[in-house]
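Please open the model in your viewer and keep the selection panel at hand. The tour below goes from one selection to the next and says what is to be found at each stop.

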Amino acid sequence: MNARVEKLRALLEEPLLVTNLVNVRYLTGFVSSNAALLVEPERVRLFTDFRYAAAARAVEGVELVETRRAVVGDLAERLSGRIGFEADDVSYAGYETLRRGGLELVPRSGLVERLRAVKDEEELAVLRDAAAITERAFARLAGERFTGRSERDLAWRMEQLLREEGAEETAFDIAIGSGPTGGAPHSRPSERLVERGETVVVDAGAVVAGYNSDCTRTFATGALRDELERAYAVCLEAQQAAVDAVSAGISGRDLDAVARERIDASEFAGRFGHGLGHGVGLLVHEGPVARPESEDVLEPANVLTIEPGIYFEGEGGIRIEDIVIVREGGAEVLSGFTKELVTVQ
Ligand code: ZN
Ligand code: ZN
């Protein structure tokens, strides 16, 4: 019996058509670019086209239905009655196709995502692995020369290190923000050469068995000017306070406030312009979220990032990001690389 499908069934008021491919993967282990799953009380049907049929036949507990390439059009002809659909995933055109097929469609939101937010032991083990790979890659990168190298070169080197340490791929395009590039939270690596006496923000993650890690450290290339040194200390204090505040029952909003109040009480008020953190799993960004408008309340076995930052537009930036597992009375921190300011060559 598939425990994830059973948990989903307990939430359903009508059969659910799962079209979000990440959710299909979560529920069945089946990876494809074209599939849908219909979860009914007594059966689960997996729809996919010829290219994936052989792999789909190996999935336990589902009936395979081979469809045309256009799965939604095929489903419109094949299915009938009242079914729920994933309103955040089906396009307007897809909805119209299903409706014209005579289906009675009930929009549903976040059902599988709610399950995905609470990881099982198998998922936690893989996430620990991905975080450990990332930690080793950071340790090796910290031993290399930064100054005189381009951001793009450093990003490529980090990608190599992640893969050498066991990553199947990188979780996202590695971000390297040196000096002024790091003054914006989402910095794309450029041809800029890293100079002495600046901050270099490195944000990277590994993929293991489809699960992502996500870690940021900020390095210094030699002595920093005082303001950046102080900002690093404030960011680290805020980050650690938020990590220490993690436990089941705290809201995403209150957790965000723990870090935000510290930064806003300092001379760097207003320079932390993004949310504190996000859930991580099969996607790099999923639930639960910790930010001022979050309505999420943390539960045991949620996995999320804690990543405050302080940014000086056009000058430099600091961000420190860990991944943690939420526990009853605290957090298990997966990101092991030191958070003290590391000075690199
Ligand atoms: Zn990150
Ligand atoms: Zn992140």
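Begin by selecting the zinc ion (ligand 2), which in this predicted model is coordinated by D214 (OD), H278 (NE2), E307 (OE) and E321 (OE), at 2.1 Å. If you display the angles among its 4 donor atoms, they run from 78 to 154°, and the site is irregular. Along the chain, the donors of the zinc ion (ligand 2) follow the spacing D-x63-H-x28-E-x13-E. Two of these donors join distant parts of the chain: E307 sits in the loop between strand 15 (303-306) and strand 16 (309-312), whereas E321 sits in the loop between strand 17 and strand 18, 14 residues apart. With the surface switched on, are E307 and E321 buried or exposed? Both E307 and E321 are buried.

Next, keep D214 selected and add the zinc ion (ligand 1), since D214 bridges the two zinc ions, which lie 3.1 Å apart. The zinc ion (ligand 1) is coordinated by D203 (OD), listed twice, together with D214 (OD) and E321 (OE), at 2.0 to 2.5 Å. Why is the arrangement around the zinc ion (ligand 1) irregular? Its 4 donor atoms subtend angles of 56 to 145°, and four donors would count as tetrahedral only if all angles lay between 85 and 135 degrees. In sequence, the donors of the zinc ion (ligand 1) are spaced as D-x10-D-x106-E. Here the pair to highlight is D214, in the loop between strand 11 (211-212) and strand 12 (215-220), and E321, in the loop between strand 17 (316-319) and strand 18 (322-327), 107 residues apart. D214 is buried, as is E321.

Now leave the metals and turn to the nonpolar side chains. The largest nonpolar core has 57 residues, and those with the most contacts inside it are L8, L37, L46, F146 and L162. Colouring helix 7 (residues 121-142) shows the element that gives the most to this core, with 10 residues. If you colour by domain, you will find that domain 1 (3-116) and domain 2 (121-343) both give residues to this core, so it lies between them.

Within that core, centre the view on F146, which, leaving aside residues up to four places away in sequence, touches L141, L154, V194, V200, V202, F219, T221, V344 and Q345. As a last selection, take L228, A241, I250 and I310, which are among the 31 residues of another core that lies apart from the one holding F146.

Definitions and conventions. Residues are numbered from 1 along each chain as its sequence is written. Chains are lettered from A and ligands numbered from 1 in the order in which they are written. This is a predicted model: local features need pLDDT of at least 70, side-chain atom pairs count only at pLDDT 80 or more; totals for chains, interfaces and linings use all residues. Side-chain values use heavy atoms; hydrogens and water are left out. Donors are N, O and S atoms within 2.8 Å of the metal (3.2 Å for Na, K and Ca); water is not among the atoms, so sites may look incomplete. Four donors count as tetrahedral if all angles lie between 85 and 135 degrees; four count as square planar and six as octahedral if opposite donors are over 155 degrees apart and all others between 65 and 115; anything else is irregular. Helices (H or I, at least four residues) and strands (E, at least two) are DSSP runs, numbered from the N terminus. Buried means under 20% relative accessible area, exposed over 50%, partly exposed in between (1.4 Å probe, protein chains only). A nonpolar core is a set of buried Ala, Val, Leu, Ile, Met, Phe, Trp, Tyr and Cys residues joined through side-chain atoms within 4.5 Å. Domain bounds come from an automatic or database domain assignment. Contact means heavy atoms within 4.5 Å.
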